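This report takes a careful walk through one molecular model, moving from strand pairing to packing and then to a single side chain. Please keep the sequence and the 3D view open while reading.

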Amino acid sequence: MSIPEAFARTMVELYGPAGAAWLERLPTLIGEYEQRWSLTVGRPFPNLSYNYVAPAARADGTQVVLKLGVVNPELLAEIEALRLYDGRGCARLLAADAAQGSLLLEQLQPGTPLTRLAEVDDEQSTTIAAQVMRALWRPLPANHPFPTTAKWAAGLQRLRATFNGDTGPFPAALVETAEHLFAELLASSAEPVLLHGDLHHDNILAAERQPWLALDPKGLAGEPAYEVGALLRNPSPQYLQWPDAGRLLSRRLDQLAESLGFERERLWGWSLAQAVLSAWWSYEDHGRGWEEGIACAELLAAMRRGRG
C-alpha cells in the first residue's frame, strides 16, 4: 500500500519516532482489522490529517469507514464521545479497539461536505450547522474523560513559555486579547455539556439517516456557546478569499446568536480567542500554517467586541 507523503510527514511531526514506527506498522494493522472485522479496505480518503481513514466494505456489503491512529488522549476522547452520541447528530461508532486506536464507523452517504453549500449559500449552511450543534450537545456523565475548555485555553500559556514570555510571530495585541477573553469567558461560563469541539463545514456531511450528520468529534466539556468558534473560521482558507470576509463573519455571528439564543458578544469573544489558540496549535504541531487563524482573529478584532 502507498501512504500519502504529506500524511506521513504529519505523523512524524506530531509523534516523532513513535509516529514513524506506527507508519511502519500501518499496513499490518489494516490487514489485522480486515480479518478481525471482516472488511475489504479501499484506498484512503484524500487529504488525510491526523489519522488514516479509508472506506471499507463489510462481508455483507455494508459500506463503512476504518479509522486508525496513534493512541493518544484526543483519539480516546473521540471514541468515548461517539459512544455517548450513539448516532444522534453524528456518524455511528460500529466498533472500536481503544488500545490500538482503531475505529469502525458508519459511512455517511452521499457524504457531501457542508463546505459545498457554504460556497454558494453561506446563510443556509450556517442554519444547518446550528441545527447539528443542537442535536449534538449532551449532558456530561460523571467522571467523564473529556478535556475542558479551560484545559484547551491553557495552550496560550505554552505559547508564552515557548517565547520566554513574549508572543513570537503572533501579534502581541491579539494574544493579549485572547488571554483576556478566555479568562473572562471561562469565569462566567454556563453549565458545561459535551461539545463536538471541532464542528466546522468539512465535519458536517450530507447523509441518508438524517439530512446532515457530524463526524470526527473531539469530545470537549464546555458551555454550548464555545462550539461556534470552529464554524466561524471555516471553511479555511476559502472564506478568507471570499468578498468581504469580515462582513461574512459578522453576519454569521448575527445569525448564530439569533438561532441559538446566545449573546452575540459572547460568541464573538469565544471565536476570537479560539482563532488565536488555533493559530498557536498549528505552530506548535507543525511550525507553520498559523497565519489563517491569525487572519480570522484580525477580522474579528476589527469588529470591536462584536459590534461590527
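## Strands E3, E4 and E5

In this predicted model, strands E3 and E5 run antiparallel and are joined by five bridges. Within that pairing, Val 65 stands opposite Leu 105, a residue of E5. Strand E4 also runs antiparallel to E5, and four bridges join these two strands; here Ala 95 has Leu 104 of E5 as its bridge partner.

E4 and E5 form a hairpin with four residues between the strands, and in this hairpin Gly 101 takes a positive phi near 65 degrees. How many of the five residues of E5 are buried? Five of the five are buried, so E5 is largely enclosed by the rest of the structure.

## The whole sheet

These strands belong to an open sheet of five strands, with antiparallel pairing and the order E1-E2-E3-E5-E4. Strand E1 (39-41) and strand E4 (93-97) stand at the edges, and because each has a single partner strand, one side of each is left without a neighbour in the sheet. On average, and with direction ignored, neighbouring strands of the sheet are turned by 25 degrees against each other.

At the E1 edge, three bridges join E1 to strand E2 (residues 52-58), and the two strands run antiparallel. Thr 40 has Ala 57 as its bridge partner in E2. Helix H2 (residues 17-36) packs on the sheet and touches E1, E2, strand E3 (63-68), E4 and strand E5 (102-106), while its direction makes about 145 degrees with that of E3.

## The nonpolar cores

The largest nonpolar core has 90 residues, of which Trp 22, Tyr 52, Leu 68 and Phe 170 touch the most other members. Helix H12 (residues 264-286) gives the most to this core, contributing ten residues. A second, separate core has five residues, among them Ala 91, Leu 108, Ala 207 and Leu 213.

Which residues does Leu 68 touch, when those up to four places away in sequence are not counted? Its contacts include Trp 22, Leu 26, Leu 29, Ile 30 and Tyr 33, and they also include Asn 51, Tyr 52, Gly 101 and Ser 102.

## Helix H3

Helix H3 (residues 73-85) has 13 residues and reaches 18 Å from its first C-alpha to its last, which is close to the 18 Å expected at 1.5 Å a residue. At its N-terminal end the helix is capped by Asn 72, whose side-chain oxygen lies 2.9 Å from the backbone nitrogen of Glu 74. Just after the helix, Asp 86 takes a positive phi of about 50 degrees.

The buried residues of H3 are Leu 75, Ala 77, Glu 78, Ile 79, Ala 81, Leu 82 and Tyr 85. An α-helix has 3.6 residues a turn, so residues three or four places apart point the same way. That spacing can be looked for in the list of buried residues, which includes Leu 75, Ile 79 and Leu 82. What covers the buried residues of H3 includes the strands E3, E4 and E5, together with helix H5 (122-136) and strand E6 (193-195).

## Arg 36

Is Arg 36, a residue of helix H2, buried or partly exposed? With a relative accessible area of 48%, Arg 36 is partly exposed, because the exposed class begins only over 50%. The side chain of Arg 36 is joined to that of Asp 97 by a polar contact of 2.7 Å. By contrast, Val 175 is 139 residues away from Arg 36 along the chain, and the C-alpha atoms of these two residues are separated by 48 Å.

Technical notes. Residues are numbered from 1 along each chain as its sequence is written. This is a predicted model: local features need pLDDT of at least 70, side-chain atom pairs count only at pLDDT 80 or more; totals for chains, interfaces and linings use all residues. Side-chain values use heavy atoms; hydrogens and water are left out. Two strands pair if DSSP finds at least two bridges between them. Axes are lines fitted to C-alpha atoms, for helices over the stretch in contact, and angles run from 0 to 180 degrees between N-to-C directions. Contact means heavy atoms within 4.5 Å. A nonpolar core is a set of buried Ala, Val, Leu, Ile, Met, Phe, Trp, Tyr and Cys residues joined through side-chain atoms within 4.5 Å. Buried means under 20% relative accessible area, exposed over 50%, partly exposed in between (1.4 Å probe, protein chains only). A polar contact is a pair of N or O atoms within 3.5 Å; within protein, one must be able to donate a hydrogen and the other to accept it, and residues adjacent in sequence count only if both atoms are side-chain atoms. The expected span of a helix is 1.5 Å times one less than its number of residues.
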